[in-house]
Amino acid sequence: MRYKVTFLAGVALGYVVGAAAGRERYEEMKKSARRIAQNPAVRNAAETAGHTGRQFAGKAFAAVGHTVGGAVPDSVAKHVRSLRERGQGADDEWGTSNT
């Protein structure tokens, strides 16, 4: 019984100490990630990647819509046509930040 109590006390102490150290490390990583995200070079690269991704997505959307337009139900085909007429997804808000 004495060993069981000693073991449980050790587990509890390890948990408390580990949780505090883990929380400190988490806060440190969070601060580091914020600093990296606020770097102008990183923000510019992310913006460029988002813009390029939207361009490729628009082209893929048009190609897939044209290829499978007749093989899908009419309601879906109508929705794809309306999106294509809207500018192939170029006017959407995908990848934009509201912050």
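## Confidence and overall fold

Within the protein chain of this predicted model, confidence falls to its lowest mean, 71, in helix 3 (residues 74-85), and rises to its highest, 85, in helix 1 (residues 2-37). Over the whole protein chain the mean pLDDT is 77, with 80% of the residues at 70 or more.

The secondary structure consists of three helices and zero strands, which along the sequence gives the pattern α-α-α. Of the 99 residues in the protein chain, 5% count as buried, and the accessible surface amounts to about 8600 Å², with 61% of that area belonging to carbon and sulfur atoms.

## Helix 2

Helix 2 (residues 40-68) contains 29 residues and spans 41 Å between its first and last C-alpha, close to the 42 Å expected at 1.5 Å a residue. At the start of helix 2, a side-chain oxygen of Asn39 comes to within 3.0 Å of the backbone nitrogen of Ala41, while Gly58, Ala62 and Gly65 are buried residues of this helix.

## Salt bridges in helix 1

The structure holds three salt bridges. In one of them, Arg23 pairs with Glu27 at 3.0 Å, N to O; these residues are four apart in helix 1, and therefore separated by about one helical turn. Glu27 also meets Lys30 in a salt bridge at 4.0 Å, N to O, and salt bridges with shared partners thus join Arg23, Glu27 and Lys30 into one network. Glu27 is partly exposed, at a relative accessible area of 31%, and Lys30 is likewise partly exposed, at 30%.

Arg25 forms a salt bridge with Glu28, with 2.7 Å between the closest N and O atoms, and the two residues lie three apart in helix 1, about one turn of the helix. Both partners are partly exposed, Arg25 at 44% relative accessibility and Glu28 at 48%.

Terms used. Residues numbered from 1 in each chain as written. Heavy atoms only, no water. pLDDT = per-residue confidence, 0-100. Buried < 20%, exposed > 50% of the residue type's maximum accessible area, 1.4 Å probe, protein only. Areas by Shrake-Rupley, 256 points an atom, 1.4 Å probe, with all protein chains shown as cover. Expected span 1.5 Å × (residues − 1). Polar contact = N/O pair within 3.5 Å; in protein donor to acceptor, adjacent residues only side chain to side chain. Salt bridge = Lys/Arg side-chain N within 4 Å of Asp/Glu carboxyl O.
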